[in-house]
There are 2 protein chains.
Amino acid sequence: MRLSRYFLPILREVPKEAEIVSHRLMLRAGMVRQESAGIYAWLPLGLRVLNKVCAIVREEQNRAGAIELLMPTIQSADLWRESGRYDDYGKEMLRIRDRHEREMLFGPTNEEMITEIVRGYVKSYKSLPLNLYHIQWKFRDEVRPRFGVYRSREFLMKDAYSFDLDAEGARHSYNKMFVAYLRTFSRMGLKAIPMVADTGPIGGNLSHEFIILASTGESEVFCHADYLDKAVPGAGTDFEDRAGLQGLVDQWTELYAATSEKHDSDAFGAIPEPRRLAARGIEVGHIFYFGTKYSAPFGAKVQGPDGAEHMIHMGSYGIGPSRLVAALIEASHDEAGIVWPEAVAPFRVGILNLKTGDSATDAACEDLYARLVAAGIDVLYDDTDERAGAKFASADLIGLPWQILVGPKSLAAGKVELKRRVDGTRELVSPDDVLERLTA
Amino acid sequence: MRLSRYFLPILREVPKEAEIVSHRLMLRAGMVRQESAGIYAWLPLGLRVLNKVCAIVREEQNRAGAIELLMPTIQSADLWRESGRYDDYGKEMLRIRDRHEREMLFGPTNEEMITEIVRGYVKSYKSLPLNLYHIQWKFRDEVRPRFGVYRSREFLMKDAYSFDLDAEGARHSYNKMFVAYLRTFSRMGLKAIPMVADTGPIGGNLSHEFIILASTGESEVFCHADYLDKAVPGAGTDFEDRAGLQGLVDQWTELYAATSEKHDSDAFGAIPEPRRLAARGIEVGHIFYFGTKYSAPFGAKVQGPDGAEHMIHMGSYGIGPSRLVAALIEASHDEAGIVWPEAVAPFRVGILNLKTGDSATDAACEDLYARLVAAGIDVLYDDTDERAGAKFASADLIGLPWQILVGPKSLAAGKVELKRRVDGTRELVSPDDVLERLTA
């Protein structure tokens with residue numbers, strides 16, 4: 001993408017309304033714009049990151065055998081009366097009356113709707129196990145939305161729902177998502193630690209929150225430091241191997257890890273002192289097993305191999321991609337701006353033309369740009385007539401992992417500078433070497 | 001995808017509530033499920049088609065230089081008061097009050113919001129031209145929703161908005177979208193004819209509807225039959241070549257084409273009789289140039305090269321991907337079910353195991369499946385224990401363009417049957433030849 005033809009409205013001044021660093025940086029980097037309280041438009045740069053986050057989430061859901069569908073945003077109130085949650089949910093639910101005065105709502109979650117769908121089609125244990133997920137916009141009418149997309153009213157959610165004949169099968173489905181979540185966050189460059197969690201309004205008796213450590217995190221967390229060095233299960237993990245998967249989950253839950261709500265200071269004290277980690281954390285995922293909590297009121301049952309009817313055992317599994325974009329920034333930034341992990345960077349590479357209008361510099365940039373694009377690399381070419389200092393600042397602010405600085409001086413020696421955003425190191429290399437390094 | 005692990009709830013009986021063929025077939029093929037009046041969940045098979053439609057739309061928008069962002073579904077009523085459309089819109093607008101009694105709405109279109117965004121950032125003609133688009137769920141509270149996703153209340157829309165310094169620039173932006181739309185529909189296997197159209201509530205004085213012919217179409221259309229054989233502009237079209245693009249648009253508008261609302265029987269009568277085409281059509285896209293209708297009330301202006309302030313000239317450009325899925329079926333089906341054009345088929349290839357459990361048949365299917373997947377082909381492998389007749393019926397109902405029938409008899413001769421959905425032709429070929437044919 002040529003910056004001169006792109007829409008990247010960078011703000012030089014720090015927006016006053018933003019209280020946390022991810023919100024400030026997302027506004028300054030032209031990633032989002034507030035449209036109403038807690039409601040944001042995703043500008044082109046922000047949308048690119050959001051899409052990359054979703055793509056990783058999707059790949060790992062699919063790898064674990066979950067199947068994607070897409071439920072609507074508007075739901076009928078009657079559906080929520082069946083589960084009894086219509087009154088429970090309180091003012092956070094955005095309630096709507098349509099032109100015929102029918103009571104509707106903007107869905108904050110989808111346990112009811114997915115249970116109704118499965119009830120409508122699935123009659124036999126032979127159709128199970130089943131895990132259905134979607135990635136859809138949801139709404140929670142927070143009384144005081146703030147922190148940008150980190151806690152917005154309209155937000156994007158990946159929610160998966162598993163359906164099994166019995167508790168044992170449901171545990172396997174839970175374990176699949178547990179491992180899928182470990183892989184998902186790891187691929188985004190995050191170290192997420194599964195912690196025993198409260199189940200809240202979703203219900204159930206087995207639940208883990210996936211927490212990343214960040215000094216600006218909202219909650220206090222306590223865990224064994226060994227979690228930080230644990231190897232995440234590989235892409236070749238056999239999700240159908242029940243015992244193997246349970247073994248992986250056991251390895252990831254045997255050491256102490258808890259949020260402050262579930263903190264047990266004796267258990268924490270039993271960790272050898274140098275390995276005790278008390279820090280701040282951000283929740284990036286939450287998984288639940290809740291048995292028949294929704295299938296029972298909805299009458300979602302199947303005929304088992306024994307010929308009898310069985311209530312389906314369910315779990316649900318959430319990741320908020322829009323919130324995750326903010327969490328990624330909270331976990332990875334410096335004074336100059338965002339430091340994107342490569343897998344979720346809006347563009348992996350930036351080309352900075354340090355003397356636009358100089359024919360040799362322009363030609364070298366055009367050549368590099370064409371070759372990187374042909375190699376399938378996401379590249380943002382700063383071909384504007386801004387001065388070099390402003391281009392450096394913008395590329396660092398928006399966090400491009402690799403920046404190729406092209407100017408007449410180094411070009412005269414047949415070189416360009418290759419800069420790594422993460423540590424600021426620069427190297428003089430030939431354009432051919434740049435290409436080789438970035439396509440390796 | 002193995003059918004045994006997929007979620008494809010096929011209905012054998014014809015649903016009574018469905019009045020038009022696309023609605024019947026989408027319900028029977030397990031593509032969608034109604035959740036409330038005019039509100040549908042997209043089941044996995046339907047979502048695959050919707051995603052393929054969106055991918056083509058997106059590629060052609062990007063090719064024409066449009067830039068993707070994503071605006072929220074919920075908008076503030078105040079935004080619509082600025083344009084004066086809040087009261088105009090009537091009961092089709094889904095109006096909402098949040099917990100603080102603020103007036104909100106579920107966006108039916110985005111002229112107001114995008115104008116507010118551009119007003120907030122764009123100050124100079126140097127930032128123009130600009131074309132911003134998004135693909136987002138919208139809501140129109142139809143008094144009597146019916147025909148499934150063909151006329152639903154919650155629907156997916158690609159809407160693009162162009163911003164130019166003057167009318168001449170805006171005409172070029174309009175022409176870019178005109179050509180992009182020709183290419184978009186053509187890539188989906190549709191012959192879409194641009195027809196002069198009313199501008200309705202969007203406003204403006206230049207507008208085309210893109211209409212496909214289908215016997216079940218909602219409107220009467222009249223055009224020169226030469227449109228059916230016209231070659232669509234190629235992928236190499238230079239969208240920056242103003243004169244060239246205007247020439248293409250002129251070629252596509254010089255012959256008579258009009259919907260009944262704009263019909264001129266004298267002009268139609270002037271077409272040589274054998275080339276007069278009166279038929280039924282479905283609108284699949286609509287483009288508008290409306291000058292300063294929104295920029296003026298919003299004060300969206302830029303400084304021009306002359307130093308003076310200029311109101312921005314705008315256009316908007318819509319395609320409804322969810323409705324388009326239904327239109328594709330209206331245009332392409334037979335008594336056995338849907339006949340998908342390959343580019344939008346949920347799976348391009350089906351493998352039908354005609355004797356599941358027979359070791360040679362299973363092995364041949366597994367081998368073919370593995371090789372097709374490795375070649376990057378979307379394939380649905382029917383590995384269930386249904387009888388052969390049911391498998392034939394399902395594959396035809398869901399419209400798989402290529403079906404590989406694998407049974408013991410032909411396998412004994414080293415062959416499988418390759419069936420084309422579009423004409424039902426079958427050919428006995430070796431598995432190696434199947435692979436070569438489908439990957440060619």
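Let me begin with A:Asp141, which is buried, with a relative accessible area of 1%. I should say at once that what we are looking at is a predicted model, and everything that follows should be heard with that in mind. The residue sits in the loop that runs between β7 (130–139) and β8 (154–164) of chain A. If we set aside the neighbours within four places in sequence, A:Asp141 is in contact with A:Lys91, A:Glu92, A:Leu94 and A:Arg153 in chain A, and with B:Asp98 and B:Arg99 from the other chain. One of those contacts, A:Arg153, takes us across to chain B, since the side chains of A:Arg153 and B:Asp98 meet in a salt bridge, with 2.9 Å from N to O.

That brings me to the interface as a whole. Here 54 residues of chain A are in contact with 55 residues of chain B, and the two chains bury about 4800 Å² between them, of which 63% is on carbon and sulfur atoms. On the chain A side, the residues that lose the most area to chain B are A:Phe7, A:Arg99 and A:Tyr121, and together they account for 16% of what that side buries. How many salt bridges does the rule find across the interface of chain A and chain B? It finds four, and the count of residue pairs in polar contact between the two chains, with both residues at pLDDT 80 or more, is 16. As for composition, the residues on the side of chain A that touches chain B divide into 32 nonpolar, six polar and 16 charged.

Let me turn now to the interior. In soluble globular proteins, nonpolar side chains tend to be buried together. In this model the largest nonpolar core has 119 residues, and the members that touch the most others are A:Met31, A:Trp42 and A:Trp340. Which element gives the most to this core? It is helix α6 (residues 167–187) of chain A, with nine residues. There is also a second, separate core, this one of 116 residues, and its members include A:Leu128, B:Leu50, B:Ile212 and B:Ile398.

To stay for a moment with A:Trp42, its contacts beyond four places in sequence include A:Met26, A:Met31, A:Val32, A:Leu47 and A:Leu50, together with A:Trp137, A:Val149, A:Ser322 and A:Val325. The same list also holds two residues of chain B, namely B:Leu69 and B:Leu70.

In chain B I would like to point out helix α12 (residues 388–397), whose buried residues are B:Ala390, B:Lys391, B:Ser394, B:Ala395, B:Asp396 and B:Leu397. What covers these buried residues? The cover includes α1 (21–28) and a series of strands of chain B, namely β18 (337–338), β19 (349–353), β20 (379–382), β21 (402–406) and β22 (416–420). Just after this helix, B:Gly399 takes a positive phi of about 80 degrees.

Over in chain A, A:Ile10 lies in the segment before α1 (21–28), and, again leaving aside sequence neighbours within four places, A:Ile10 is in contact with A:Arg28, A:Ala29, A:Ser394, A:Leu397 and A:Ile398. The C-alpha atom of A:Ile10 is separated by 24 Å from that of A:Glu417, a residue 407 places further along the chain.

That leads me to the charged pairs. A search of the whole structure finds 76 salt bridges over all chains, and I will pick out only a few of them. A:Glu82 forms one with A:Arg119, the closest N and O atoms being 3.1 Å apart. This pair links distant parts of the chain, with A:Glu82 in helix α3 (residues 77–83) and A:Arg119 in helix α5 (residues 111–121), 37 residues apart. Are these two buried or exposed? A:Glu82, at 35% relative accessibility, counts as partly exposed, and A:Arg119, at 25%, also counts as partly exposed.

The side chains of A:Glu417 and A:Arg426 meet in a salt bridge at 3.4 Å, N to O, and in chain B the side chains of B:Arg426 and B:Glu417 meet at 3.3 Å. A:Glu417 is partly exposed at 22% relative accessibility, as is A:Arg426 at 41%. In chain B, B:Arg426 is partly exposed at 41% and B:Glu417 at 22%.

I will end with a network of salt bridges in chain A, in which A:Glu59, A:Glu60, A:Arg63, A:Arg183 and A:Arg187 are linked.

Methods: Residues are numbered from 1 along each chain as its sequence is written. Chains are lettered from A and ligands numbered from 1 in the order in which they are written. This is a predicted model: local features need pLDDT of at least 70, side-chain atom pairs count only at pLDDT 80 or more; totals for chains, interfaces and linings use all residues. Side-chain values use heavy atoms; hydrogens and water are left out. A nonpolar core is a set of buried Ala, Val, Leu, Ile, Met, Phe, Trp, Tyr and Cys residues joined through side-chain atoms within 4.5 Å. Buried means under 20% relative accessible area, exposed over 50%, partly exposed in between (1.4 Å probe, protein chains only). Helices (H or I, at least four residues) and strands (E, at least two) are DSSP runs, numbered from the N terminus. Contact means heavy atoms within 4.5 Å. Buried area is the accessible area (1.4 Å probe) that two parts lose on being put together, summed over both. A polar contact is a pair of N or O atoms within 3.5 Å; within protein, one must be able to donate a hydrogen and the other to accept it, and residues adjacent in sequence count only if both atoms are side-chain atoms. Ala, Val, Leu, Ile, Met, Phe, Trp, Tyr, Cys and Pro count as nonpolar, Asp, Glu, Lys and Arg as charged, and the others, Gly among them, as polar.
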